[in-house]
Amino acid sequence: MSTFGIEEEFLLMDGQDHLPARPTQQQSVQLTTLEAGGASATPEWLACQVEETSPIFHDSATATDSLVEFRTALKDAAAPMGMDVVGLASAPQIRAEPADPSWNERYQRHSLQTPAIAADQYISGLHVHLGFPDLEVAVQALNGLRGWLPALVALGANSPLWRGAESGFESWRSIHYRRWMANGVPPHFTDLEDHEVRVAMLSAFDVIENPSSLSWLARLSHRHGTLEIRACDVQLEARDSVSIAVLIRALGNYALENPPEIQFTQEYLDIALWQAARWGLGGRVLDPESAGPVPVDALIESLLKRVRGYYTSEADRDFAESGIHRILRNGNGAIRQRRAFSQGELPGLMAMASEAMTARS
């Protein structure tokens, strides 16, 4: 496997009160049709969100340049509208009234179907697409990645605040997201045919519009022909997004050559996910090869060693290892958010997030 893609969901925040912005339809159209760095902006669930869809990448350097260029262009486009753009995975403070859904027809339809969920869906994720020769191979990689999803949640946690206060979770987005249908860890599939049969059965329910409506934290994307990993919160900085994405690509290669010896049940992994969202880097998380909980930092170090020979280049390996070690050393987004909030409350947090949005190093 040699290619990967990245999707980042960003929050538009009012530059004055630091609450989720309320762009006009004209402003939304302008922001969600932006193109920069080879990437395209698209609507997300809420009007105060913009999603970036990257081009196909082969290496970390190109990916970093693309993400920084897009983030900078989006930030520059939003500034004259009185809005800032940040990589926060949950809005630290929200308005009393229900959120405005995106003007996009699909999201308008979904909001009518799930009004109470749409009312405060102020959460944003990082999605990594892995390219494989075919979807049959992607299913085998999916099976191998299932047990590692809790570790990825802990590493990428970036949503500790909610309604102006401490949520008690490193990744509140992961908990908030559990309200959706067919959520969490996907089941183990025998092969692609088994996957297609089971997805077809779920699609027979009225609440599943198509396979892309499934909210599994790892799923096949028939539209892109990829395996999509959705476990991580959106990241404060582009280099963290790329470090995690390149690590996930190496993990996908590792999973193909090292099939899991233990096929964990969904309820077992569901608890592991909750634990990872609760304590992040400061707790213990499931080691999928020993089947027991271990300190997160020790598991991440072990993961880096296991996948060391599965990067596509030495440059990508060095980039990912230095980036993940930086996260372990300085803290994930949740730790950095708490630090900024304790020092400067909401204005201090937004200043930090705004600066991080376009940081390169």
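Helix 5 and the rest of the chain

Guide: In this predicted model, the buried residues of helix 5 pack against strand 6, helix 6 (149–155), helix 8 (192–203), strand 11 (218–221), strand 12 (226–233) and helix 9.

Visitor: What makes helix 5 (residues 135–145) mostly covered?

Guide: Eight of its 11 residues are buried. They are Leu 135, Ala 138, Val 139, Ala 141, Leu 142, Asn 143, Gly 144 and Leu 145. Each of these counts as buried because its relative accessible area is under 20%.

Visitor: What does Asp 134 do at the start of helix 5?

Guide: A side-chain oxygen of Asp 134 comes to within 3.0 Å of the backbone nitrogen of Glu 136. The cut-off for a polar contact is 3.5 Å.

Visitor: Which residues does Leu 227 touch?

Guide: Leaving aside residues up to four places away in sequence, Leu 227 touches Val 128, His 129, Leu 130, Phe 132, Ala 138, Ala 141, Leu 142, Leu 145, Arg 219 and Leu 220. Among these, Ala 138, Ala 141, Leu 142 and Leu 145 are buried residues of helix 5.

Visitor: What makes a group of residues a nonpolar core, and how many residues has the largest one?

Guide: Its members must be buried, belong to a set of nonpolar residue types and be joined through side-chain atoms within 4.5 Å. The largest such core has 97 residues, and those with the most contacts inside it are Leu 130, Leu 149, Leu 227 and Ile 229. Helix 9 (residues 238–257) gives the most to this core, with 10 residues. A second, separate core has 19 residues, including Phe 10, Leu 12, Leu 31 and Val 50.

Visitor: Why are Cys 48 and Cys 232 called buried or exposed?

Guide: The limit for buried is under 20% relative accessible area. Cys 48 has 4%, so Cys 48 is buried. Cys 232 has 2%, so Cys 232 is buried too.

Visitor: How many disulfides does the structure hold?

Guide: Zero. To count, a pair of cysteine sulfur atoms would have to lie within 2.5 Å.

Visitor: How do you know that Arg 360 forms a salt bridge with Asp 65?

Guide: The closest N and O atoms of the pair are 2.7 Å apart, and the cut-off is 4 Å, so the pair counts. Arg 360 lies in the segment after helix 13 (333–357) and Asp 65 in helix 2 (residues 60–78), so the bridge ties together parts that are 295 residues apart in sequence. Arg 360 is partly exposed at 44%, and Asp 65 is partly exposed at 40%.

Visitor: What makes Asp 120 and Arg 179 a salt bridge, and where do they lie?

Guide: Their closest N and O atoms are 3.1 Å apart, again set against a limit of 4 Å. Asp 120 is in the loop between helix 4 (115–118) and strand 6 (125–131), and Arg 179 is in the loop between helix 7 and strand 9, 59 residues apart. Asp 120 has 12% relative accessible area, so Asp 120 is buried. Arg 179 has 37%, so Arg 179 is partly exposed.

Visitor: What makes Glu 289 and Arg 306 a salt bridge?

Guide: Their closest N and O atoms are 3.5 Å apart, and the limit is 4 Å, so this pair counts as well. Glu 289 is in the loop between strand 13 (284–287) and strand 14 (292–295), while Arg 306 is in helix 11 (residues 296–306). The structure holds 25 salt bridges. Glu 237, Arg 239, Asp 240, Arg 326 and Arg 336 are linked in a network of them.

Visitor: How do you know that strand 13 and strand 14 pair?

Guide: A pair needs at least two bridges. Strand 13 and strand 14 are joined by four, and they run antiparallel. Arg 284 stands opposite Pro 295 in strand 14. The hairpin has four residues between the strands, and there Ala 291 takes a positive phi near 65 degrees.

Visitor: What makes Arg 163 and Ala 182 worth pointing out?

Guide: Most residues other than glycine have a negative phi. Arg 163 has a positive phi of about 55 degrees, and Ala 182 has one of about 50 degrees. Arg 163 sits in the loop between strand 7 (161–162) and strand 8 (165–166). Ala 182 sits in the loop between helix 7 (172–176) and strand 9 (183–184). At 48%, Arg 163 is partly exposed, and at 26%, Ala 182 is partly exposed.

Conventions
Residues numbered from 1 in each chain as written. Predicted model: local features only at pLDDT ≥ 70, side-chain atom pairs only at ≥ 80, totals over all residues. Heavy atoms only, no water. Buried < 20%, exposed > 50% of the residue type's maximum accessible area, 1.4 Å probe, protein only. Helix = DSSP H or I, 4+ residues; strand = E, 2+ residues; numbered from the N terminus. Contact = heavy atoms within 4.5 Å. Salt bridge = Lys/Arg side-chain N within 4 Å of Asp/Glu carboxyl O. Polar contact = N/O pair within 3.5 Å; in protein donor to acceptor, adjacent residues only side chain to side chain.
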